[in-house]
Amino acid sequence: MKEFLRVMKALSDPTRVKILKILERRSMCVCELQTALGSAQSTTSKHLKILEDAGLAASHKDGLWVNYTLADGRQSAYAASILGNLRHWLNDEGEIGDLLEDIERIDRYEILNKN
């Protein structure tokens, strides 16, 4: 039951659901996700940690970058089931659609040059 509740609690926050919908489209680093969401780096990182702990997201180091993707579902059958279904859910939701359009223009190298 603990594993099930961990997955459900991770999904109980709208920002975390947005992160998962973004990661369906492409892998992103924290700076790209925080730009897409308009949130602080620390807040974005906390959300990602919760998603990772629930088996919904995974991180992979690539040189200096840490890229986040959807998890492959091996950690949790509950997470795997939700991720499979989430691909079909909320795609027509206005806020999600706008967010997904915007992520195509987000580039980590441009973000770094602005700072």
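Which residues in α3 meet residues in α4?

**View 1. Helices α3 and α4 meet in this predicted model.** From α3, the residues V30, L33 and Q34 take part in the meeting, and from α4 their counterparts are Q41, T44, S45 and L48. Sorted by character, the residues of this contact comprise three nonpolar and four polar ones, with no charged residue. Helix α3 spans residues 30–37 and helix α4 spans residues 41–53; their axes come within 9 Å and cross at roughly 105°. With this crossing angle, α3 is roughly perpendicular to α4.

**View 2. Three strands form an open sheet in the order β1-β3-β2, with antiparallel pairing.** The strands β1 (28–29) and β2 (57–62) stand at the edges, and each has a single partner strand, so one side of each is left without a neighbour in the sheet. Strands of a sheet pair through backbone hydrogen bonds, in either a parallel or an antiparallel manner. Here, β1 is joined to β3 by two bridges, and these strands run antiparallel. In this pairing, C29 stands opposite N67 in β3.

**View 3. Strands β2 and β3 form a hairpin with two residues between them.** Six bridges join β2 to β3, which covers residues 65–70, and the two strands run antiparallel. Several residue pairs can be followed along the hairpin. A57 has L70 in β3 as its bridge partner, S59 is partnered by Y68, and D62 stands opposite W65. In the turn, G63 has a positive phi of about 65°.

**View 4. Helix α2 lies across the strands β1, β2 and β3.** This helix is made up of residues 14–25. Its direction is at about 95° to that of β3, the strand placed between β1 and β2 in the sheet order.

**View 5. F4 and Y78 form an aromatic pair.** The structure holds two aromatic pairs, of which this is one. A pair of aromatic rings is described by the distance of the centres and the angle of the planes. For F4 and Y78, the centres are 5.3 Å apart and the planes are at 75° to one another, an edge-to-face arrangement. The pair links distant parts of the chain: F4 belongs to helix α1 (residues 2–10) and Y78 to helix α5 (residues 77–86), with their positions 74 residues apart in numbering.

**View 6. Residues 1–90 carry a domain annotation from UniProt.** The record, an unreviewed entry, gives this feature as "domain: HTH arsR-type". Over residues 1–90, the chain is 58% helix and 16% strand. The C-alpha atoms at the two ends of this stretch are 26 Å apart.

Technical notes
Residues are numbered from 1 along each chain as its sequence is written. This is a predicted model: local features need pLDDT of at least 70, side-chain atom pairs count only at pLDDT 80 or more; totals for chains, interfaces and linings use all residues. Side-chain values use heavy atoms; hydrogens and water are left out. Axes are lines fitted to C-alpha atoms, for helices over the stretch in contact, and angles run from 0 to 180 degrees between N-to-C directions. Helices (H or I, at least four residues) and strands (E, at least two) are DSSP runs, numbered from the N terminus. Angles under 35 degrees count as roughly parallel, over 145 as roughly antiparallel, 65 to 115 as roughly perpendicular and the rest as oblique. Contact means heavy atoms within 4.5 Å. Ala, Val, Leu, Ile, Met, Phe, Trp, Tyr, Cys and Pro count as nonpolar, Asp, Glu, Lys and Arg as charged, and the others, Gly among them, as polar. UniProt positions are given in the numbering used here, feature names are shortened, and annotations may be inferred rather than shown by experiment. Two strands pair if DSSP finds at least two bridges between them. Rings of Phe, Tyr and Trp (its six-membered ring) pair if their centres lie within 6.5 Å; planes under 30 degrees apart count as stacked, over 60 as edge-to-face and the rest as tilted.
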